[in-house]
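Have a look at the sequence and the 3D structure below. We'll walk through them together, a piece at a time.

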Amino acid sequence: MAAALFIDRGFEAVGMNDIARELQTSRPTVYTYFTSTEDMLRALLRERLPAMWEQLRPILPTSGEFQADTFSALFLALLHERELLLLLHSGGGPIFREQRGHFLQQLGEWIEPYRRAESRQPQVLHLITLLLEAAAVEAVRAVRDDAELAAQARTIGQFIAAGVAVTGKEG
């Protein structure tokens, strides 16, 4: 319920009164469980991020390198985490910058072992994670049909795979 409020209104616009009203309870009752909206946000992310990583785990190759299809599958898997992505982008304060940064860092750590040795430049990994995350957030904010999302996933996969191949040749 709090996640939906944060996403709909923006984190900074939601207070404990809003949450209590939405839950049809009193503000002191909400404070029994959470000391602040920031505490609530941290709990939501602590609960949801591990589940997302478990969704991504089967997509990662067990050996070898990423192909365009792998990046496409990662993109589509991120789309299944619509609420989590929107929650991570529902505010602009330090908590959100920290959480988004941690999310991107962890995504990069998941991708890192599978990249070709010649393309292991840190800036390439950073660009890959930024592109995947930004494209997924944009896609979940827009209303798109499955065919359009599949086409976007293929394009992103091909773009990233080609970019990694080019940087590997230059490196």
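Before we start, one term: a residue is called buried when its relative accessible area is under 20%, and exposed when that value is over 50%. Keep in mind, too, that what you're looking at is a predicted model.

Let's try the term out on Thr-37. This residue sits in helix α4, and its relative accessible area is 10%, so Thr-37 is buried. What does Thr-37 touch, once you skip the neighbours within four places in sequence? The list is Phe-6, Phe-11, Val-14, Gly-15, Met-16 and Ile-19.

Now zoom out for a moment. The protein chain has 9 helices and 0 strands, so reading from the N terminus you meet α-α-α-α-α-α-α-α-α. Of its 171 residues, 44% are buried. The accessible surface adds up to about 9200 Å², and carbon and sulfur atoms own 53% of that. If you take the contacts with a separation of 6 or more, 64% of them join residues 24 or more positions apart.

Back to α4, which is a handy helix to get your bearings by. How far apart should its ends be? At 1.5 Å a residue, its 20 residues should span 28 Å, and the C-alpha atoms at the two ends are indeed 28 Å apart, so the expectation and the model agree. Plenty of α4 is tucked away: Thr-37, Met-40, Leu-41, Ala-43, Leu-44, Leu-45, Leu-49, Met-52, Trp-53 and Leu-56 are buried. And what do those buried residues pack against? Their partners are α1, α2, α3, α5, α6 and α7.

Pick out one of those partners, α1, which covers residues 2-9. Its axis and that of α4 (residues 37-56) are 10 Å apart, and the two helices pack at an angle of about 110°. Angles from 65 to 115 degrees count as roughly perpendicular, so that is how α1 sits relative to α4. On the α1 side, Ala-2, Ala-3 and Phe-6 make the contact, while α4 brings Thr-37, Met-40, Leu-41, Leu-44 and Arg-48. Sorted by class, that's 6 nonpolar residues, 1 polar and 1 charged.

Next, find α2, residues 16-23. Its buried residues are Met-16, Asp-18, Ile-19 and Ala-20, and the elements covering them include α1, α3 and α4. You've already met two of these residues, since Met-16 and Ile-19 are in contact with Thr-37.

Just after α2 comes Gln-24, in the loop that leads to α3. Is Gln-24 buried or exposed? Its relative accessibility is 74%, so Gln-24 counts as exposed. Its backbone is worth a glance as well: phi is near 55°, a positive value in a residue that isn't glycine.

For the last stop, follow the chain along to Trp-110 in helix α7. With 15% relative accessibility, under the 20% cut-off, Trp-110 counts as buried. Leaving out neighbours within four places in sequence, Trp-110 is in contact with Trp-53, Leu-56, Arg-57 and Leu-60. Take Arg-57: 53 residues separate it from Trp-110 in sequence, yet their C-alpha atoms are 8.5 Å apart in space. And two of the other contacts, Trp-53 and Leu-56, bring us back to α4, where both are on the buried list.

Key. Residues are numbered from 1 along each chain as its sequence is written. This is a predicted model: local features need pLDDT of at least 70, side-chain atom pairs count only at pLDDT 80 or more; totals for chains, interfaces and linings use all residues. Side-chain values use heavy atoms; hydrogens and water are left out. Axes are lines fitted to C-alpha atoms, for helices over the stretch in contact, and angles run from 0 to 180 degrees between N-to-C directions. Helices (H or I, at least four residues) and strands (E, at least two) are DSSP runs, numbered from the N terminus. Angles under 35 degrees count as roughly parallel, over 145 as roughly antiparallel, 65 to 115 as roughly perpendicular and the rest as oblique. Contact means heavy atoms within 4.5 Å. Ala, Val, Leu, Ile, Met, Phe, Trp, Tyr, Cys and Pro count as nonpolar, Asp, Glu, Lys and Arg as charged, and the others, Gly among them, as polar. The expected span of a helix is 1.5 Å times one less than its number of residues. Buried means under 20% relative accessible area, exposed over 50%, partly exposed in between (1.4 Å probe, protein chains only). Accessible areas come from the Shrake-Rupley method with a 1.4 Å probe; for residues, only the protein chains shown count as cover.
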